[in-house]
Amino acid sequence: MSGFARRNAIWWAALVLVVLLPQVARSGASIAVLDQMCIMVIFSLSYNMMLGQGGMLSFGHAVYYGLGGYVAIHFMKMAGGGAFFLPLPLVPLIGGIAGLAFGLVFGSFSTNRAGTVFAMISLGIGELIAASSLIFVKFSGGEEGITADRTGLTSFFGIHFRGEVPVYYLIAGWMMLSAWLMYRFSRTPVGRMANAVRDNPERVEFVGYSQKQIRLITFMAAGFFAGIAGGLFALNYEIVTEEAVNLTTSGVVLLQAFIGGVGFFAGPVIGAVVYTLLQTLLSNYTEIWAFYVGLIFVATVMYAPTGLTGLIMMHLPIARAGRLRSLALPYLRIGLPALACALGVIGLLELLHFLSVRATGQAVKRLFWMKFDVDQPLPWIVFAALALGGFLVARRMAPRLAAAWAAANPHAQGARAR
Amino acid sequence: MLELTVFSLLNGLVYGLLLFMLSSGLTLIFSMMGVLNFAHASFYMLGAYLAYSISTKVGFWPGLVLAPPLVGVLGALVERYGLRHVHRYGHVAELIFTFGLAFLIQESVVLVWGKQMVDYHEPALLAFPLFSLWGTEFPAYKAFMLAVSIGIFIALFVVLTRSRVGLIIQAAITHPSQVAMLGHNVPLVFTAVFGVGTALAGLAGVIAGPVLSTFPGMAAVLGSIVFVVIVVGGLGSLAGAFIASLLIGLLQTFAVAVNYSMKDLLAAFGVATSRASMLSDLYSVTVAQIAPILPYLLLVLILIFRPTGLLGKREV
């Protein structure tokens with residue numbers, strides 16, 4: 001019972017946060033970021049229904065997001081023209097139903113097996129739909145996309161959703177509802193069986209379930225929620241282009257879910273929030289933000305396969321045992337050289353990038369509130385020394401951290417990986 | 001019509017053999033390590049860009065010789081210090097790792113060479129039309145590409161079937177532990193195969209760069225097609241990869257030359273169609289327009305109906 005209460009406490013805290021955030025961050029830009037974050041949270045959570053819970057690695061999840069968005073925007077357009085009655089808050093549901101329908105169509109033949117076959121079919125479908133969206137122009141609008149006007153839709157119990165904040169609350173409401181439903185889904189018998197299919201499909205068959213059926217149900221549910229995210233995208237931006245279905249978007253959602261941690265329900269939420277922050281904040285400071293995101297992603301795959309959430313969860317047992325302080329010094333010892341290494345790498349990358357984009361005769365790069373002359377060898381040497389030195393020192397400190405870890409961990413067997 | 005057939009055949013052959021240069025390495029790597037290397041086409045792109053950088057300094061030919069080994073060394077390093085590390089987390093993690101690597105290489109190309117297409121072109125020595133039939137010219141450079149690809153195909157065939165190294169590689173594919181027992185360093189063989197495979201991809205990039213243009217999206221353009229090739233051919237089968245490469249190459253070059261649509265077919269049977277509805281595109285697009293999606297359609301169909309591919313023995 002106490003576990004139930006605690007889980008609910010997290011949901012209430014999230015709700016309060018979601019309600020209060022636009023009151024704190026009032027500017028239009030920050031509300032736009034919050035909108036994007038909410039949409040991405042739904043999209044990533046739906047992706048993790050497949051990868052984390054069902055063991056299906058998809059390279060084409062944007063298909064359901066984008067097609068849901070397209071169908072939703074067509075409905076918005078028609079309803080705006082007075083073709084039928086459609087209140088604005090229900091637009092995402094249209095996208096969800098479209099995602100569900102396409103999930104049924106494509107899932108019916110792609111969920112026979114998991115693993116690499118599934119990944120390859122999802123890639124094929126992803127390429128197919130992305131290429132088709134540039135060919136079937138009447139449906140997708142080609143490169144210009146399809147636009148609609150949300151103000152043309154009928155009001156909902158007198159609410160018109162004019163202005164940024166009401167639209168944010170609409171999106172956030174859908175986000176909370178979808179997240180809660182997805183969480184509940186993971187606790188249903190089907191959701192539990194999806195985990196079983198992920199871990200041991202053969203045994204599931206012996207117990208009497210059809211692994212294909214369970215995968216298909218998971219797949220369709222994931223398509224439904226991806227469609228809701230797509231519908232919210234259509235509603236928020238009033239335009240859906242080829243970008244929403246293409247492989248880059250499919251890649252981004254994999255990136256988000258994995259950086260956050262696919263083994264935990266909250267993982268994709270953290271991933272989506274972090275990615276959106278990186279995308280919007282980092283891009284103010286550097287043009288090569290996507291490269292840094294790629295670095296973080298590859299580092300996550302290599303050294304922290306449980307993602308950011310996994311890293312946080314690793315520390316929970318130690319925190320409960322009250323031994324977190326014993327880790328502070330080892331972390332500081334490894335953190336400072338790691339920071340130096342990061343500074344060096346960032347400096348080198350920025351200088352390198354500057355070389356390729358600079359105008360002729362331009363030689364001074366502003367970085368870290370300082371100026372560097374890229375034609376002189378000194379900045380390069382300094383950054384390279386920082387990167388290399390930091391790396392070597394950090395590596396020397398790593399065993400000490402591991403020892404401190406072992407000492408602090410209340411469970412002798414080490415932290416749970418998942 | 002004859003002109004069209006001859007030139008589509010030639011172009012399809014050039015394109016198909018280029019695909020084989022990429023897919024041969026990919027399928028070898030797959031049959032050894034069981035990992036589909038998402039970043040394979042990224043090494044192809046790196047080959048083109050490195051050759052471009054070298055060609056601006058010392059000319060095309062040094063680039064042709066130097067860029068592929070450079071890419072190969074890079075590939076070997078990735079295998080040794082990246083892939084082998086991730087291997088312990090399983091195949092899905094490896095797939096995700098190569099996917100991340102593809103993303104990273106893409107972004108590093110943008111970082112170093114910029115987002116614009118670079119002016120990488122064929123050497124002056126080969127910038128002339130080799131012959132001209134019915135008023136259409138066939139560039140000598142394409143004949144050069146053809147020659148290089150055929151040379152690589154023969155060399156690969158001879159090395160794999162006739163040489164001692166080839167025997168060890170073939171044995172390591174099916175019986176890695178026994179090969180290790182006989183005293184061969186199997187992990188080193190893996191690294192070497194990975195390096196050679198990526199070097200071949202790099203070579204494909206070096207010779208394709210001037211024709212297919214060198215830009216940061218070039219890996220994405222070919223990356224998925226190469227997957228189609230090795231899945232259609234049958235994973236792990238070199239002969240299958242060869243047949244599928246030519247098949248896909250010809251399919252794509254012939255499809256862009258066919259200007260008929262479903263509407264024309266229906267009209268031939270006396271069925272009239274309207275252009276009004278939103279889905280009218282479905283039957284009014286021509287075969288030429290849907291050429292880009294044909295390989296993926298083939299991929300999905302093969303995976304549904306014949307997961308072993310044309311010549312493969314094992315399922316994906």
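Visitor: What span should the 30 residues of helix 15 of chain A have at 1.5 Å a residue, and how far apart are its end C-alpha atoms?

Guide: This is a predicted model, in which local features need pLDDT of at least 70, side-chain atom pairs count only at pLDDT 80 or more, and totals for chains, interfaces and linings use all residues. Residues are numbered from 1 along each chain as its sequence is written, while chains are lettered from A and ligands numbered from 1 in the order in which they are written. Helices (H or I, at least four residues) and strands (E, at least two) are DSSP runs, numbered from the N terminus. The expected span of a helix is 1.5 Å times one less than its number of residues. For helix 15 of chain A that gives 44 Å, and the end C-alpha atoms are 42 Å apart, which agrees.

Visitor: Which residues of helix 15 of chain A are buried?

Guide: A residue is buried if 20 or more other C-beta atoms lie within 10 Å of its own, exposed if 12 or fewer, and partly exposed in between, with C-beta atoms placed from the backbone. In helix 15 of chain A the buried residues are Pro330(A), Cys341(A), Gly344(A), Gly347(A), Leu349(A), Glu350(A) and His353(A). Pro330(A) has its C-alpha atom 9.0 Å from that of Trp405(A), although 75 residues separate them along the chain. Trp405(A) belongs to helix 16 (residues 377–408) of chain A. Because Trp405(A) has 18 C-beta neighbours inside 10 Å, it counts as partly exposed.

Visitor: How many residues of helix 10 of chain A are buried?

Guide: The number is 24 of 27, so helix 10 of chain A is largely enclosed by the rest of the structure. This helix covers residues 211–237, with an expected span of 39 Å and end C-alpha atoms 38 Å apart, which agrees.

Visitor: What phi does Glu238(A) take just after helix 10 of chain A?

Guide: Most residues other than glycine have a negative phi. Glu238(A) has a positive phi near 60°. Its place is the loop between helix 10 and strand 2 (239–240) of chain A. With 16 C-beta neighbours inside 10 Å, Glu238(A) counts as partly exposed. In chain B, Ser213(B) also has a positive phi, near 65°, and lies in the loop between helix 8 (186–212) and helix 9 (218–233).

Visitor: How many residues of chain A are in contact with chain B?

Guide: Two residues are in contact if their C-beta atoms, placed from the backbone, lie within 7 Å. By that rule 36 residues of chain A meet 43 residues of chain B. Helix 5 of chain A gives the most to the side of chain A that touches chain B, with 13 residues. Ala, Val, Leu, Ile, Met, Phe, Trp, Tyr, Cys and Pro count as nonpolar, Asp, Glu, Lys and Arg as charged, and the others, Gly among them, as polar. The side of chain A that touches chain B has 27 nonpolar, 7 polar and 2 charged residues.

Visitor: At what angle do the axes of helix 1 and helix 10 of chain B cross?

Guide: Axes are lines fitted to C-alpha atoms, for helices over the stretch in contact, and angles run from 0 to 180 degrees between N-to-C directions. Helix 1 (residues 2–33) and helix 10 (residues 238–255) of chain B cross at roughly 145°, and their axes come within 7 Å. The residues of this contact divide into 12 nonpolar, 11 polar and no charged.
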